[in-house]
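Colleague: I am new to this structure and would like a close look at one part of it. Could you start there and then lead me on through its surroundings?

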Amino acid sequence: MNSTLKDRRWMVGCTGKSRRNVHADYYYTLDSQKIRFATMEILWPDTAIALQDFANILVCGKCGLKPVSPIRFTSCGHFFCCNCVKSITKCFICNIPVQPKEMSPDHTVSNLIRNCDIIAEIINKRDLWDTNNIDSANISMGTTVCKTICTPKNTYIPKRNINKTNFKGETQLHTACLKRNIERVTTLLALGANPNTKDNAGWTPLQEIVSYGHTQLCELLLKGGASPNIPGTESRRPLHDAVISGGIEEAKLLLRYHADKDVYDKYGKSPLDYCKSDEMREILMGSHESPYPSKRTPDFNQTMDKSFIMGQDKMMVLASNLRFRSRKALNLVAAQHKFKVLTAYRSTVTHVIVETKLYSDIAESSVDAWFAIVRGCWLLNSKWITLAADVEDVFNMDFEAFEVSGAPVLGVPKKARLNAELQQPRLFNNCFFYFALSASRNYWRIGDIYLNKDDLTKLVKEGEGTVLAREPHPEDLKDGTRAIPFHTANDASHPLHECTHYIIYMPGKSEPRVKYNMQHIKTLPLMWLIECIENFTLIDPAYLGLP
């Protein structure tokens, strides 16, 4: 017996309040006899109303219809149909200027719409997306989300790009935090201001506030998406600053939002090392009664935009040793989508396109690939070019689907990119290099690659390292507090944990007569430096058979 017949027989016996749900007659023929049932579908009045209210929130912010391939503006949080946002320069709802990099497909809204359709089909509500049912007063879900941080009245709403920086590298959110202007901060966060930008000194708005001990603003920033684990000046995190300033409440708040207490600054000190009171020490050691666990789960949605992690306004693509056909296709795609193609590496590069090996996603070693790794750029295979030519908006593509898996070490391109997305220091942070290379030679060969001293200098500087003009002397480095390289700071057992100075040489007749193998200074071959880049880590020299 099918379910429909069961429901209809049950409805024959309905009485009282249940009977009121039957609002039509239905006829059914059984054994050649017409049996009249006072039956119809059971209504879901409360569910239908709630579903309609939710659908009203999900409609496109421009056309007011069911969104097709919804696109969200990361600058303000509003979303629209894909076709409604073609060639626009500002949001239809709040008039905030929008750049192509600030538009991304919203898979969450797409899933919500799909689930709404499933529920509507179950309760037989076929007019869910009918424009007559849409309340024009409702706008997109982005606005509803933003209202979790109420926008106060009589507060100036900036018209320009709210993430634009001044000569100090400060955004409007930085300035509002420095002035302790709660209403201004609330408004900027509601409009989509990025709470994780750094000024020229390396401070995020959260670190500014934590240092000043303003708990209310600190919580407001954390609720607005501020990451508690972004390293700032001297590689200190906000929890370091809270402990140093004695901010008990700020430390509790940061731990509640999963601040990592097992991190180290440039001097190799964790927040616990800066404790001045027993109460703060108990909080960090976990003996405090309040549930403030430490958790290593960075939220990538709270960091810089993944497509343009280097802070550039435009897409800058480096074509690295591409085949003639690939290069020609890339130039056509660049003209179609209006981005620039470079033939030599610059600091403004955001994406590097390379050829990969046949039947694999591995790229050969190259100077361009090394630059992409130390900088944290996207390293994409040439297959991306073919698909880019067939899409309407290249800026909304899933770049990760075309990311090279190895160059040649597996996982390194993604590891380096995620390091940049988390705004962590680059590979050679707090490292100093002196190149003891022969002045009579212009190039040095590493495998099939020829490097000159200018290439080496740029690689080190792009990795936030320092190139020394004079050879360092061990005795001159003993005095004073030495910094700890960021990428060995969390591992006190690492052989290079405290090593900050490196003398790089090329094996052969011109090797240095004196080679240092001390805790803070070492003399290592050029191959060690290249291996560090290709593995995106400061390699233990012993792994290469070096003393």
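Which residues of strand 6 point one way and which the other, and are they buried or exposed?

Modeller: Happy to help! This is a predicted model, where local features need pLDDT of at least 70, side-chain atom pairs count only at pLDDT 80 or more, and totals for chains, interfaces and linings use all residues. Residues are numbered from 1 along each chain as its sequence is written, and side-chain values use heavy atoms, without hydrogens and water.

Strand 6 covers residues 316-319, with Met316 and Leu318 pointing one way and Val317 and Ala319 pointing the other. All of these residues are buried (under 20% relative accessible area with a 1.4 Å probe, protein chains only; exposed is over 50%, partly exposed in between). Strands (E, at least two residues) and helices (H or I, at least four) are DSSP runs numbered from the N terminus.

Next, look at the partners of strand 6. Strand 7, residues 340-342, pairs with strand 6 in the parallel sense over three bridges (pairing needs at least two DSSP bridges). Within that pair, Leu318 of strand 6 sits opposite Leu342 of strand 7. To get from strand 6 to strand 7, the chain passes through helix 13, residues 324-337, and this β-α-β crossover is right-handed (clockwise from first strand over helix to second, strands pointing away from the viewer). Strand 8, residues 351-354, also pairs with strand 6 in the parallel sense, again over three bridges. Here the bridge partner of Leu318 is Val352 of strand 8. Leu318 is therefore a handy residue to keep in view: it is buried, and it has Leu342 opposite it in strand 7 and Val352 as its bridge partner in strand 8.

Further along the chain you can find a parallel open sheet of four strands, in the order 13-10-14-15. Its edge strands are strand 13 (466-467) and strand 15, each of which pairs on one side only. Strand 13 is joined in the parallel sense by two bridges to strand 10, residues 432-435, and Phe433 stands opposite Val467 of strand 13. At the other edge, strand 15 runs parallel to strand 14 (residues 501-505), with five bridges between them; Tyr502 faces Lys522 of strand 15 there.

Strand 15 spans residues 521-525, and five of its five residues are buried. Both of its faces are covered: one side carries Ile521, Thr523 and Pro525, and the other carries Lys522 and Leu524.

For a contrast in strand direction, turn to strands 4, 3 and 5, which form an antiparallel open sheet in the order 4-3-5. Strand 4 (79-80) and strand 5 (103-105) are at the edges, so each has a single partner strand and one side without a neighbour in the sheet. Strand 3, residues 71-73, is joined to strand 5 by three antiparallel bridges, and Arg72 has Ser104 of strand 5 as its bridge partner.

One last stop is Leu544, in the segment after helix 18 (526-535). Leu544 is partly exposed, with a relative accessible area of 33%. Leaving out residues up to four places away in sequence, Leu544 touches Trp528, Glu531 and Ile539 (heavy atoms within 4.5 Å). Met527 is 17 residues from Leu544 in sequence, and their C-alpha atoms are 9.1 Å apart in space.
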